[in-house]
Each structure stands twice: as C-alpha cells, then as structure tokens.
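Thanks for making the time this morning. I would like to take you through one model, starting from a pocket and working outwards to the rest of the chain.

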Amino acid sequence: MTHAELAWRIVPLFIVTISLCFVEFRTGLIPDKIVYPAALYFVVTGCLLGHKPWWHYPLGLIALLLLFAVIGAVYHHITGKECIGGGAIKLLAMVGGALGIMLSLQFGAIAGILFLVSLMVASRMSQMEFLPSSPFVLLSLLVVFSYHYGAVVLRIITATSQGSD
C-alpha cells in the first residue's frame, strides 16, 4: 500500500463509513446520495491508484451487491421478514468497490457472520424494530483492514513521524 492509496482511498473509506454510521443511527437510513457517489469514487480511485488490476474493484462492488441481495431475498422468501435493507446492501457494495474482489469476499464473510449474530440477538429482543447495519459494516472493515494492512499503516505512520523530526 502506498501513501497515495492510503490518503485517497482508505482514509476516505473509513470517513464515509463512520459518517454513515452516525447518519443511520440518527435517521434509520443509509442515504443513496452519499453511498452512490462514494461507491463511484472508490471504484475509480481503486482502478487508478490500486495495487491490483483495475477490474478487481468493480468486481468487488458487483460481488457484494449480488451476494447480500441474494441473501436478503432468500431470507425474506423463507421467513417473510427482512434481514437486510437496501441501504445496507448498497453500503456493502460500496466497501466491495473500495477493497477489490479478493478482500471483498473476506469482508463479506465477516460481515455476514456479524449480521447473522446480530439477527439472532435481535430476534431475542422483541422491542427492537430496527437494528442498524452500518456499525457491523464498520467493524467488519476494521477487522479485514487490520489483518491485511495494519503493519503497513504503522510503518507509514512511523516513517512519516520520524521524517518530520
């Protein structure tokens, strides 16, 4: 990971995801007017600045969009209840566009497990009508990012701080 990739892709990804957590807690929605432009931004910057072939980034977006849309549709068909909203699916797709296909699949697996656990917990709480999904997306993103890039980011930060002395 380069400084440019960190500055132009990863930091904005966390800023957008954290912002969407606050918006979802306040309004109960993940607004399209934030997610759509952000998804486009992350796919384009991934294609231009990413260290993988350009097609990894749009494929990551498409893979997570389809994966969670199918999971949501199957769950709704079986139970008659909604397990994941359209905003959450689009948020997951946005993250997929930022990570590329390989990391998106790992991220999707972690996010899916966290959603499943949260649904099991929420089903035990009869008063809870709304379970925000963006915190689980953020937590999944932190797990994947820390595992794959934590050491690299620490090296960049320490090299930058030593160079400024």
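Let me begin with the second largest pocket, whose lining divides by class into eight nonpolar residues, one polar residue and no charged ones. Please keep in mind throughout that this is a predicted model. The pocket holds about 160 Å³ of space, and the residues that line it are Phe68, Ile71, Tyr75, Cys83, Ile84, Gly112, Phe115, Leu116 and Leu119. Two elements, α3 and α5, each give two or more residues to that lining, and the largest share, four residues, comes from α5.

One of those lining residues, Phe68, deserves a closer look. Phe68 sits in helix α3, and because its relative accessibility is 3%, below the 20% limit, Phe68 counts as buried. Which residues does Phe68 touch, once its neighbours within four places in sequence are left aside? The contacts of Phe68 are Ile84, Ile89, Leu92, Gly108, Ala111, Gly112 and Phe115, and three of these names, Ile84, Gly112 and Phe115, you will also find in the lining of the pocket. As for Gly85, it lies 17 residues from Phe68 in sequence, and their C-alpha atoms are 9.6 Å apart in space.

Let me step back to the chain as a whole. It has six helices and zero strands, so that from the N terminus on, the elements run α-α-α-α-α-α. Of its 165 residues, 41% count as buried. If we take the contacts in the chain with a separation of 6 or more, residues 24 or more positions apart account for 74% of them.

Next, a pair of helices. Two packed helices are described by the angle between their axes and the distance between the axes. For helix α2, residues 32–49, and helix α3, residues 56–79, the angle is about 145 degrees and the axes are 8 Å apart. On the α2 side the residues that meet are Ala39, Val43, Gly46 and Cys47, and on the α3 side they are Tyr57, Pro58 and Leu61. Divided by class, the residues of this contact are six nonpolar, one polar and no charged.

Staying with helix α2, where Leu48 also has its place, is Leu48 buried or exposed? Leu48 counts as exposed, because its relative accessibility of 68% is over the 50% limit. Its C-alpha atom is 9.6 Å from that of Glu5, although the two residues are 43 apart in sequence.

Glu5 brings me to the cavity, since the structure holds one cavity of 30 Å³ or more. The largest cavity has a volume of about 60 Å³, and of the eleven residues that line it, the closest to its centre are Glu5, Arg9, Ile10, His51 and Tyr149. The elements that give two or more residues to this lining are α1, residues 3–27, and α4, residues 86–99, with α1 giving the most, three residues. By class, the lining of the cavity has seven nonpolar, one polar and three charged residues.

Two further positions take us towards the C-terminal part of the chain. Ile110 lies in helix α5, residues 101–124, and Ile110 counts as partly exposed because its relative accessible area is 25%, which falls between the 20% and 50% limits. Leaving aside neighbours within four places in sequence, Ile110 is in contact with Ser140, Val143 and Val144; of these, Val143 is 33 residues away in sequence and 8.2 Å away in space, C-alpha to C-alpha. Ser133, for its part, is found in the loop between α5 and α6. With 9% relative accessibility, Ser133 counts as buried, and beyond residues up to four places away in sequence it touches Glu24, Ile30, Ala88 and Phe115.

Finally, a word on cysteines, for anyone thinking about disulfides. A disulfide is a covalent bond between the sulfur atoms of two cysteines. How many disulfides are counted here? The count comes to zero. Cys21 is buried, at 7% relative accessibility, whereas Cys47, which takes part in the contact of α2 with α3, is partly exposed, at 27% relative accessibility.

Key. Residues numbered from 1 in each chain as written. Predicted model: local features only at pLDDT ≥ 70, side-chain atom pairs only at ≥ 80, totals over all residues. Heavy atoms only, no water. 1 Å grid on protein atoms, 1.4 Å probe; cavity = no way out; pocket = protein on both sides within 12 Å on 5 of 7 lines; lining within 4 Å. Points joined across faces, edges and corners; volume = space filled by probe spheres on them. Nonpolar A, V, L, I, M, F, W, Y, C, P; charged D, E, K, R; others polar. Axes fitted to C-alpha atoms, helices over the stretch in contact; angles between N-to-C directions. Contact = heavy atoms within 4.5 Å. Disulfide = S-S within 2.5 Å. Buried < 20%, exposed > 50% of the residue type's maximum accessible area, 1.4 Å probe, protein only.
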